[in-house]
Amino acid sequence: RKIAGGRTSSLTSHAPARTRDSEIMADFVDKQFTKEEVAEKVLEQYDEETTRVFYQCVMGGGGHDIHFGIYKEPTDGVKESSQHTTEWMMTQLDGASPVKPTHHVLDLGSGHGGGSHAMAQKFGCKVTGYNLGAGQNALNMARCKELGIDHLVDAQVGNINNPLPAEWTGKFDQVWSCEVLCHAGDKVALFKELVRCMKPGGVFVFSDIMGADGADEKALKGFTDRNATTFMGRPSMYIDFVKEAGMKYVTWWDGSNHLERYFRDMLSQIQSNRPEMNAKGITNQYLDNWVSSLTERADIQAEKGVFAWGVFVARKPFEGEL
């Protein structure tokens, strides 16, 4: 499957190759995937030219912070709230162990690079993004050049469901991951790889969309039908997973109360930007499916609170630490 480039001319055509919904709509209705299957589906979800446009508009608000948000003001939308999340994660990272200009941070699943850009700008540290989508990486690096931080940030293509590069052992001072781990088939195995790649005392800060503790997986259908997931974690699971991987658990900040508003803001983004997205090749069928899914998500979250979301902090023990 082509994942980037060479597709603009076909976006508004009626070529038969573009009429198969499975090829252009990243629909995963009633499906969750194995560790071996999920990478291809993640590329379909995020790194097709049309889906990159969708996520940057509907979740990023035109920016590079493409993830769920923290609302501080009544006027905040998806862009502002997503930026608040990045800021809060940096606060958590720096609070657990100060980030210095001499440090090297791994941005696991770096996407369009919003977290990488923010860390490089705030701390002056080096950041290596590790991300499955070559198209996303290209957008990331183009933005780095615009910001004048391309000497601090690089982005490599890689699959989090495979072992991380052998040469990364003991390489990173911190690891950052923002809403990526729902795509990891074996979360404990991945966490053990991160422990290997961190220096002693290294901090791991991550956020993820999860099921609430006690939520039935079927109740999460509004999310899993649109997202290439393996299984969705739970807050209590992640706390157990970091400990099982050999890390010290530091804290879990629960931001689940922001989810319903964010789901409804995504709906507003679709409504407001539908003509522009249509002009860039996103079909009404794709958008209508998202409207249905997001409406279901928002309503069930309001009624039953089945989704959880927030920020975790853990760290690799120092040498000799019990």
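Which helix does M237 lie in? Before you go hunting, keep in mind that what you have on screen is a predicted model. M237 sits in helix α9, the stretch that covers residues 235-244. Is M237 buried, exposed or partly exposed? Its relative accessibility comes out at 30%, so it counts as partly exposed, a class that falls between the 20% cut-off for buried and the 50% cut-off for exposed. Now find K187, which is 50 residues away from M237 along the chain. The C-alpha atoms of these two residues are separated by 9.9 Å.

Let's zoom out for a moment. The protein is built with 11 helices and seven strands. It has 322 residues, and 57% of them are buried. If you take the contacts with a separation of 6 or more, 75% of them link residues that are 24 or more positions apart.

A good place to start on the strands is β4, residues 172-178. How many of its residues are buried? Seven of the seven are, so you'll find this strand mostly covered. β4 has partners to look at, too. One is β1 (residues 104-108), which pairs with β4 in the parallel sense over three bridges. Another is β5 (residues 198-211), again parallel to β4, this time over six bridges. Q174 is a handy marker here: this β4 residue stands opposite V105, and it also stands opposite V203 in β5. While you're looking along these strands, a general point may help: side chains in a regular strand alternate between the two faces of the sheet.

Now follow the chain from β4 to β5. Helix α7, residues 187-197, joins these two strands in a β-α-β unit, and that unit is right-handed. Within α7, pick out E193. You might wonder why a glutamate gets called buried: E193 has 18% relative accessibility, and the cut-off for buried is under 20%. The side chain of E193 makes a polar contact with the side chain of R196, at 2.8 Å. Leaving aside residues up to four places away in sequence, E193 touches P163 and L164.

Next, hop over to the loop between β1 and α5, where you'll find S110. Why is S110 classed as buried? Its relative accessible area is 7%, which is under the 20% cut-off. The side chain of S110 reaches the backbone nitrogen of Y130 at 3.5 Å. Y130 also turns up in the list of residues that S110 touches, along with S116, G129, N131, N137 and N140, once residues up to four places away in sequence are set aside.

Last stop: the pockets. In general, you can see where empty space is left by rolling a probe the size of a water molecule over the atoms. In this model, the largest pocket holds about 250 Å³ of space. Which residues lie nearest its centre? They are H64, D65, Q83, G114 and H117, out of a lining of 15 residues. Three helices each supply at least two residues of that lining: α4 (78-96), α5 (114-123) and α6 (134-147). The largest share comes from α4, with five residues.

Terms used: Residues numbered from 1 in each chain as written. Predicted model: local features only at pLDDT ≥ 70, side-chain atom pairs only at ≥ 80, totals over all residues. Heavy atoms only, no water. Buried < 20%, exposed > 50% of the residue type's maximum accessible area, 1.4 Å probe, protein only. Helix = DSSP H or I, 4+ residues; strand = E, 2+ residues; numbered from the N terminus. Pairing = 2+ DSSP bridges. Right-handed = clockwise from strand over helix to strand, strands pointing away. Polar contact = N/O pair within 3.5 Å; in protein donor to acceptor, adjacent residues only side chain to side chain. Contact = heavy atoms within 4.5 Å. 1 Å grid on protein atoms, 1.4 Å probe; cavity = no way out; pocket = protein on both sides within 12 Å on 5 of 7 lines; lining within 4 Å. Points joined across faces, edges and corners; volume = space filled by probe spheres on them.
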